[in-house]
Amino acid sequence: FLPDQLDLVQECIAKGMKPLLLFPGDDSITLDQEDGQENANNEVNDITLTQLQHKNQLLILIDGTWAEAKRMLLQSPDLVDNCIKVQFQSESESIYDSLRNEPEKHCLSTLECCARALTHLESSEECAERANGYLLGSMKCMVDKRMELTSKNPEPRFSRPGSKIYERNKRRFEIKK
């Protein structure tokens, strides 16, 4: 993506602000740092978490697998250069772990990341908690529903075409006998 292809990014830059890009990296500001703990990247970015909390922010989340997200960022250097990268460092369990495995403990689904980022960036604690509750509640409901459906029908939703062809040819061979 190029910043001029995304209207919200353009508006943000026109106001003299840099959008936030949620993606881990050495140059990312840590959102979940302990109180009083200095973030080494504050010096690089010349901005603090407190400053981020007291401004309206445009938060960009990359939705896809980790491999897809990395590829999107590598193919969008102008967008990355126009953003302040933010991240989480503390490990936490994903609600989504029961359905799929994340590559590392700090990896969360996009929806969980959004909820967690709002918890750290929203200046109103009440709004942050409410948004977090709605987002994580929706995620938990989706995971529970998926687990319920999986337990009722353990067959995969899609089967490989090769297995269908094999079964069809096997029946044809049996009929010819």
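## A charge over a ring

In this predicted model, Arg116 lies over the face of Phe88. The distance to the ring centre is 4.5 Å. Arg116 belongs to the buried residues of α6.

## Helix α6

Helix α6 covers residues 110-121. Its 12 residues reach 16 Å from first C-alpha to last. That is close to the 16 Å expected at 1.5 Å a residue.

Which residues of α6 are buried? They are Glu112, Cys113, Cys114, Ala115, Arg116, Ala117, His120 and Leu121.

## Helix α7 and its cover

Helix α7 runs over residues 125-152. It has 28 residues and reaches 40 Å from its first C-alpha to its last. Here too the span is close to the expected value, 40 Å at 1.5 Å a residue.

The buried residues of α7 are Ala128, Asn132, Met139 and Val143. Part of what covers them is α6.

Asn132 sits in helix α7. It counts as buried because its relative accessibility is 19%, and the cut-off for buried is under 20%. Leaving out residues up to four places away in sequence, Asn132 touches Ala115, Thr119 and Gly137. Of these contacts, Ala115 is also listed as buried in α6.

## The largest pocket

The largest pocket has a volume of about 400 Å³. It is lined by 25 residues. Closest to its centre are Trp66, Leu108, Ser109, Thr110 and Cys113. Cys113 is one of the buried residues of α6.

Which elements give two or more residues to the lining? They are α4, β4 (84-87), α6 and α7. The largest share comes from α6, with 3 residues.

## The aromatic pair

The structure holds 1 aromatic pair. Phe23 and Trp66 form it, with 5.8 Å centre to centre and 50 degrees between the planes. The pair is tilted.

The two rings link distant parts of the chain, 43 residues apart. Phe23 lies in the loop between β1 (20-22) and β2 (29-30). Trp66 lies in helix α4, residues 66-74.

Are the two partners buried or exposed? Phe23 counts as buried because its relative accessibility is 10%. Trp66 counts as partly exposed, at 23% relative accessibility. Trp66 thus appears in two settings: it pairs with Phe23, and it is among the residues closest to the centre of the largest pocket.

Terms used. Residues numbered from 1 in each chain as written. Predicted model: local features only at pLDDT ≥ 70, side-chain atom pairs only at ≥ 80, totals over all residues. Heavy atoms only, no water. Phe/Tyr/Trp six-rings, centres within 6.5 Å; stacked < 30°, edge-to-face > 60°. Helix = DSSP H or I, 4+ residues; strand = E, 2+ residues; numbered from the N terminus. Buried < 20%, exposed > 50% of the residue type's maximum accessible area, 1.4 Å probe, protein only. Lys NZ or Arg CZ within 6 Å of the ring centre and 35° of its normal. Expected span 1.5 Å × (residues − 1). Contact = heavy atoms within 4.5 Å. 1 Å grid on protein atoms, 1.4 Å probe; cavity = no way out; pocket = protein on both sides within 12 Å on 5 of 7 lines; lining within 4 Å. Points joined across faces, edges and corners; volume = space filled by probe spheres on them.
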